[in-house]
There are 2 protein chains.
Amino acid sequence: MSEPIRILLVGTGQMGSAIARIVLEKPGLALVGAFGRRRERAGVELGQAIGAGRDLGLHVRSDLDATIALTRPHVAIQATCSRLADAVPEISALVRHHIHVISIAEEMAYPAATSPHTAAVLRRLAVEHGVTIVGTGINPGFVLDLLVITLTGVCADVRSIRAERINDLSPYGPSVLTSQGVGLTPTAFRAGVERGTVVGHIGFQQSIRMIGDALGWEIERIDENRDPIISRVRRQTPIVTVEPGAVAGCLHTAVAYRATKPVITLVHPQQIHPQLEGIETGDSIAIDGTPPVRLSGRPEIPGGLATAALAVNLIPRVLAAAPGLHSMVDLPVPGAMLSDPRRCVSTHR
Amino acid sequence: MSEPIRILLVGTGQMGSAIARIVLEKPGLALVGAFGRRRERAGVELGQAIGAGRDLGLHVRSDLDATIALTRPHVAIQATCSRLADAVPEISALVRHHIHVISIAEEMAYPAATSPHTAAVLRRLAVEHGVTIVGTGINPGFVLDLLVITLTGVCADVRSIRAERINDLSPYGPSVLTSQGVGLTPTAFRAGVERGTVVGHIGFQQSIRMIGDALGWEIERIDENRDPIISRVRRQTPIVTVEPGAVAGCLHTAVAYRATKPVITLVHPQQIHPQLEGIETGDSIAIDGTPPVRLSGRPEIPGGLATAALAVNLIPRVLAAAPGLHSMVDLPVPGAMLSDPRRCVSTHR
């Protein structure tokens, strides 16, 4: 058996911890260290930090360069942030040390969507250092883009695409709930959208650009809309209580236009306890094409666990990829990695 | 605008014709010629042969080497046969002329499934001549393998997989209906299975090996079963009439075992007019994993049109691929090609 692939965890929050727990279960992978941004996390035993249920003999560190020098990882998985600008400094440091980077930052799913310049810089940096950078996640990265593009593959022509993801925010922590305006009055929600504190979903720009580029559609405009989901019943999580008349979440939609026609419609209502008003969660894709294609699943693919799994399952694809900046659309799809990463490949190779 | 990609049609039957009609609609592609195996097809005007509704100023030819010399194609799409041994001579001839090959022969979806030796020979030949060989189709190649593998990507673990495709054979011609035993008595059906004239679905071995290799599962045994679908009502197509008590199709299933446990179950009942007995056609995938994933669509993705579209939509991926033998699992997914093939790519490139 060859040496295990050495994995560095970058970010020890809820998502980073979920990723690390999966890494620990995988043959052929070794979790060699963890970087955390918050200084007060430094020195915490890693098994404790990620809820592994046992000590790992490793500690969270808050100096990235020192962590890299100490742990000599092959692959880093970044789970520290959502925005491109925020993700890039850590990614650049890792790449300069010839470490592959898998990021779950939403805007890293398709960096060119928010900054073609940054995408070009990252691509050059990755090529120069012989490594792969790729962004992933359930959304953006999977349900509303990769899966959509995959399904269009059976179409001789496509007129328009509609994809919807209805999910349940109840398991999420305060930062996610705040970003969706959960618990606000409808007036405060609208003010929050104006001010930019109610963000809704981060990822429509990335998903739409991914679809457009894969199909060869020039998208001329994307209209986004954020509406409050006003609860008719009392909804409660450990973090927040929503009374009737208050906001249970954000109905965020995006419509992309090509030659003045709406061609891609993405709908993503996110709220706590949708089932309390009889709303079934689920993922659905409808392609108006030749032939038409419809696929759906209930309940929705759970976002947190799926994102963590995707990040780990990408490891074999990243190890086999040409150096550069990639997206979920220009690598072979990552299947579940159920064996040593070097064995999860086609036998053509 | 750069020169169009020159496409050679290999096979002018029902599938080849559908492929050629799609090629004609695509910007950036030029249909430059067609090879047909049957000598009596030679000289037929190509537009007539494929039902294009207009003359193309080209004729079907039955000498492959001469057709290649005359048409100088970049990519050939093969739609002449189902079996590997039958497909390989044409593919080899094309590759020796440095032509990329996209084949819809079922066994070409994953050549290693029936012959690791032939797969290795094809791979070497493709690498030596700097071109790509890839097999595709709705099944094998998409519903019961690529889509399954894609969905496992969101799983931290997978215990078992069940996928089912219920389709309608009514649009198909006599050779397909015969291979499924449509119109036979149940006794004749069973005798046909014994003799090998009732084949059922060609593709389970390929789909299962594709899934197993992508996930890193060592499959130790595949059990296949072919049962007659005995009609309770009269079912009729332009080709065949099935009286009550006779066979309307073949219920073909395959179960793959790993460490003595059934881990992949593929179910594919194929029959004419299933709706006459209240059976809804459709595709469904259920993954017993962490998290569980279920996705389904009704009616089924229509096989003929989808296979033709997949073959054409693969062109951008084939042009960008490293030389060699590939499968749908080790290339980036082909989205619908709605623009010049060189424009249907990620903007990272």
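Begin by selecting A:Arg343 and B:Glu218, whose side chains meet in a salt bridge with N and O 3.2 Å apart. The model on display is predicted. This pair belongs to the contact between the two chains, where the count is 2 salt bridges.

**The interface between chain B and chain A**

Widen the selection to the whole contact, to which chain B gives 64 residues and chain A gives 64 residues. The size of an interface is often expressed as the accessible area that is lost when the parts come together. Here, chain B and chain A bury about 5,000 Å² between them, and 63% of that area is on carbon and sulfur atoms. Between the chains there are also 13 residue pairs in polar contact, counting pairs in which both residues have pLDDT 80 or more.

Which elements of chain B should be coloured on the side that touches chain A? Those giving two or more residues are α6 (146-152), β7 (157-168), α9 (204-215), β14 (293-297), α10 (303-313) and β15 (324-326) of chain B. Of these, α6(B) supplies the largest share, 6 residues. Colouring this side of chain B by residue class gives 37 nonpolar, 15 polar and 12 charged residues.

**The sheet of chain A**

Hide chain B and display the strands β3-β2-β1-β4-β5-β6-β15 of chain A, which in that order form an open sheet of 7 strands with parallel pairing. At the edges stand β3 (60-61) and β15 (324-326) of chain A; each has a single partner strand, so one side of each is left without a neighbour in the sheet.

Within this sheet, select residues 100-103 and 132-135 of chain A, the strands β5 and β6, which pair in the parallel sense over 3 bridges. A:Ser103 is found opposite A:Gly135 in β6(A). Next add helix α5 (residues 116-128) of chain A, which packs on the sheet and touches β6 and β15 of chain A. The direction of helix α5 makes about 130 degrees with that of β15(A).

**A salt bridge and a positive phi in chain A**

Over all chains, the count of salt bridges comes to 30. One to display is that of A:Arg165 with A:Asp283, in which the closest N and O atoms are 2.8 Å apart. A:Arg165 lies in strand β7 (residues 157-168) of chain A and A:Asp283 in strand β13 (residues 282-290) of chain A, so the pair ties together parts 118 residues apart in sequence.

Then move to A:Ala259, in the loop between β11 (247-258) and β12 (261-271) of chain A. What is the sign of phi at A:Ala259, a residue other than glycine? Phi is positive there, near 50 degrees. Most residues other than glycine have a negative phi.

**The sheet of chain B**

Restore chain B and select its own open sheet, in which 7 strands with parallel pairing follow the order β3-β2-β1-β4-β5-β6-β15. In chain B, β3 (60-61) and β15 are at the edges with a single partner strand each, so one side of each has no neighbour in the sheet. Strand β5 (residues 100-103) of chain B pairs with strand β6 (residues 132-135) of chain B in the parallel sense, over 3 bridges. A position to label there is B:Ile102, opposite B:Val134 in β6(B). Now add helix α3 (residues 64-71) of chain B, which lies across β1 (5-10), β2 (29-35) and β3 of chain B and runs at about 165 degrees to β1(B).

**Two cis peptide bonds in chain B**

Most peptide bonds are trans. At B:Thr290 and B:Pro291, however, the joining bond is cis, with omega about -5 degrees. B:Pro291 is in the loop between β13 (282-290) and β14 of chain B. Finally, select B:Arg298 and B:Pro299, where the peptide bond is again cis, with omega near -5 degrees. B:Pro299 lies in the loop between β14 and α10 of chain B.

Key: Residues are numbered from 1 along each chain as its sequence is written. Chains are lettered from A and ligands numbered from 1 in the order in which they are written. This is a predicted model: local features need pLDDT of at least 70, side-chain atom pairs count only at pLDDT 80 or more; totals for chains, interfaces and linings use all residues. Side-chain values use heavy atoms; hydrogens and water are left out. Two strands pair if DSSP finds at least two bridges between them. Helices (H or I, at least four residues) and strands (E, at least two) are DSSP runs, numbered from the N terminus. Contact means heavy atoms within 4.5 Å. Axes are lines fitted to C-alpha atoms, for helices over the stretch in contact, and angles run from 0 to 180 degrees between N-to-C directions. Buried area is the accessible area (1.4 Å probe) that two parts lose on being put together, summed over both. A salt bridge is a side-chain nitrogen of Lys or Arg within 4 Å of a carboxyl oxygen of Asp or Glu. A polar contact is a pair of N or O atoms within 3.5 Å; within protein, one must be able to donate a hydrogen and the other to accept it, and residues adjacent in sequence count only if both atoms are side-chain atoms. Ala, Val, Leu, Ile, Met, Phe, Trp, Tyr, Cys and Pro count as nonpolar, Asp, Glu, Lys and Arg as charged, and the others, Gly among them, as polar.
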